[in-house]
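Colleague: I am new to this model and would like a close look at its pockets, followed by the sheets and helices around them. Please go slowly and explain each term when it comes up.

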Amino acid sequence: MSRSLGIPVHEASGHVDGKTSQLNQCRMGKTSYKRLKGSRSFRQRLLLSTLSYTPILIEDIRTDDTFPGLSKHEISLLRLFESVSDGCHVEINETGTKVKYKPGIIIGGTQHRPHDCGLSRSISYFLEPLIVLGLFAKKPLTITLKGITNDSKDPSMDTFKSAAFPILKRFGVPSEGLALKIESRGVPPNGGGEVILSLPVVQSLKPVIWTDEGFVKKIRGVAFSTKVNAEFGKNVFTAARGIINPLLSDVFIDTDHRSGPQAGNSPGYGLSLVAETTSGCFISADTAVSHTRDEETSGLEDDEEKGLTTPENVGQGVVNVLLGEIAQSGVVDSTHQGLLFLLCALGPAGDVSKVRVGKLSPHGIETLRNLRDLLDVKFIIKPDPTTESVILKCVGFGMKNLSRRVS
């Protein structure tokens with residue numbers, strides 16, 4: 001990654017409001033850059049810039065913060081995009097508050113060097129843009145990612161595999177070559193997790209008409225524990241089953257206790273649950289609990305004194321969140337609205353996709369704005385008062401993989 005000591009920027013006329021995401025273009029040399037402001041939606045901006053081959057200039061990145069400029073995970077994401085592309089050009093000014101990004105050709109292929117995602121965000125922060133990017137690569141992508149696999153902020157690897165992958169398949173992504181293997185788990189603060197992602201390539205995505213949420217027919221899940229007593233994971237499992245069993249008969253929650261190298265570098269535990277419906281929807285909820293620990297002096301009593309969420313509360317809490325997601329009557333949960341809208345927007349030009357979601361999440365709303373601003377794809381949004389859900393439809397952008405021949 002090239003890092004300039006101050007990018008010369010020719011100021012374009014007109015006011016740019018970062019809050020409303022208004023975009024202007026500025027001319028820098030022979031390349032026309034679309035100008036954006038602020039740190040919001042950084043990963044989606046990079047993704048849409050790359051897919052549409054639109055160079056972007058992002059200014060005023062956390063200029064008023066105590067620690068201004070790009071965060072560690074954002075710099076890591078830029079490096080990840082560089083590693084799977086050819087001809088990608090990045091310039092960052094000295095303070096990190098200004099980034100010039102010119103996308104390259106998406107190459108994909110087998111990445112022999114693992115990518116370190118760092119410890120400020122989990123691996124799934126990188127997965128959402130990466131899986132969409134990889135679909136349009138020249139070669140099928142295989143890459144190892146290291147960092148945090150389970151935390152309380154981003155979806156876990158279990159949830160990603162069980163809920164996000166079925167969404168991809170709905171849009172025509174083949175099952176063959178689509179895989180996510182958890183080699184080791186890692187929780188905050190020290191991570192230590194490792195996963196291997198494999199993605200097939202597509203020529204284009206299919207449009208979808210997906211408005212039937214169906215009825216829940218089964219629930220699957222994983223209760224994990226790392227570097228703690230195996231009883232922690234079992235207690236999470238037992239608490240979750242205590243609520244679900246009276247509601248549904250087809251429930252299976254696996255326990256995954258890990259120690260040694262496969263347990264990463266920090267102790268923790270958590271739960272991922274996914275409900276499958278009769279219409280092929282996968283609704284998810286998850287969380288993880290972790291903390292810094294002195295291995296020689298810390299015990300279960302110390303954990304309770306530190307105010308950590310108990311395994312029983314973790315199990316009950318995730319079930320309650322899942323039931324809330326199911327009650328919203330969407331074909332995906334709130335966490336995956338952004339991915340759903342992205343795939344709809346990238347569909348064939350002239351073809352309409354139509355989907356139903358529950359209450360629009362902040363990430364979902366921001367995704368709709370980014371798709372409008374960077375791809376000029378606009379969604380028609382119609383509330384359904386009978387279910388308190390929302391119907392959205394759009395005409396596809398017509399994204400095609402020009403590197404893949406039609407068979």
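Modeller: The largest pocket holds about 770 Å³ of space, where a pocket is an open set of points on a 1 Å grid over the protein atoms alone, at which a 1.4 Å probe fits, with protein on both sides within 12 Å along at least five of seven lines, and a volume is the space filled by probe spheres set on those points, which are joined across faces, edges and corners. This is a predicted model, in which local features need pLDDT of at least 70 and side-chain atom pairs count only at pLDDT 80 or more, while totals for chains, interfaces and linings use all residues. Residues are numbered from 1 along each chain as its sequence is written, and side-chain values use heavy atoms, with hydrogens and water left out.

Lining residues are those with an atom within 4 Å of a point, and the largest pocket has 34 of them, with Arg43, Arg121, Lys153, Asp154 and His363 nearest its centre. Sorted by class, this lining comprises 8 nonpolar, 14 polar and 12 charged residues, where Ala, Val, Leu, Ile, Met, Phe, Trp, Tyr, Cys and Pro count as nonpolar, Asp, Glu, Lys and Arg as charged, and the others, Gly among them, as polar. Elements that each supply at least two lining residues include α1 (42–52), α3 (123–135), β17 (282–290), α7 (311–327) and α9 (362–375); helices (H or I, at least four residues) and strands (E, at least two) are DSSP runs numbered from the N terminus.

The second largest pocket has about 280 Å³ of space, and its lining includes Thr50, Leu51, Tyr53, Phe136 and Met399. Two or more residues of that lining come from each of α1 and β7 (105–106), and by class it has 7 nonpolar, 4 polar and 1 charged residues.

Strand β17, which helps to line the largest pocket, leads to a sheet. Here 4 strands form an open sheet of mixed pairing in the order β15-β14-β16-β17, two strands being paired if DSSP finds at least two bridges between them. Its edge strands are β15 (251–258) and β17, each of which pairs on one side only, and neighbouring strands are turned by 10° against each other on average, direction ignored. Strand β16 (residues 268–277) pairs with β17 in the antiparallel sense over 9 bridges, and Ser272 has Asp286 of β17 as its bridge partner. Helix α5 (residues 230–244) packs on this sheet, touching β14 (216–226), β15 and β16 at about 170° to the direction of β15, where contact means heavy atoms within 4.5 Å. Helix α7, another contributor to the lining of the largest pocket, lies across β14, β16 and β17 and runs at about 155° to β17; axes are lines fitted to C-alpha atoms, for helices over the stretch in contact, and angles run from 0 to 180 degrees between N-to-C directions.

Between β14 and α5 there is a loop that contains Lys227, whose phi near 55° is a positive value in a residue other than glycine. Most residues other than glycine have a negative phi. At 29% relative accessibility Lys227 counts as partly exposed, since buried means under 20% relative accessible area, exposed over 50%, and partly exposed in between (1.4 Å probe, protein chains only).

From α9, also part of the lining of the largest pocket, a loop that contains Lys378 runs to β19. Lys378 is exposed, at 57% relative accessibility, and touches Arg372, Lys393 and Cys394, not counting residues up to four places away in sequence.

Strand β19 belongs to an open sheet of 4 strands with mixed pairing, in the order β13-β18-β20-β19. Because β13 (209–210) and β19 (380–384) stand at the edges with a single partner strand each, one side of each is left without a neighbour in the sheet. Helix α8 (residues 337–345) packs on this sheet, touching β13, β18 and β20 (389–395). As 9 of the 9 residues of α8 are buried, the helix is largely enclosed by the rest of the structure. Strands β19 and β20 run antiparallel, joined by 5 bridges, and in their hairpin, with 4 residues between the strands, Glu388 takes a positive phi near 60°. Glu388 counts as exposed, at 69% relative accessibility.
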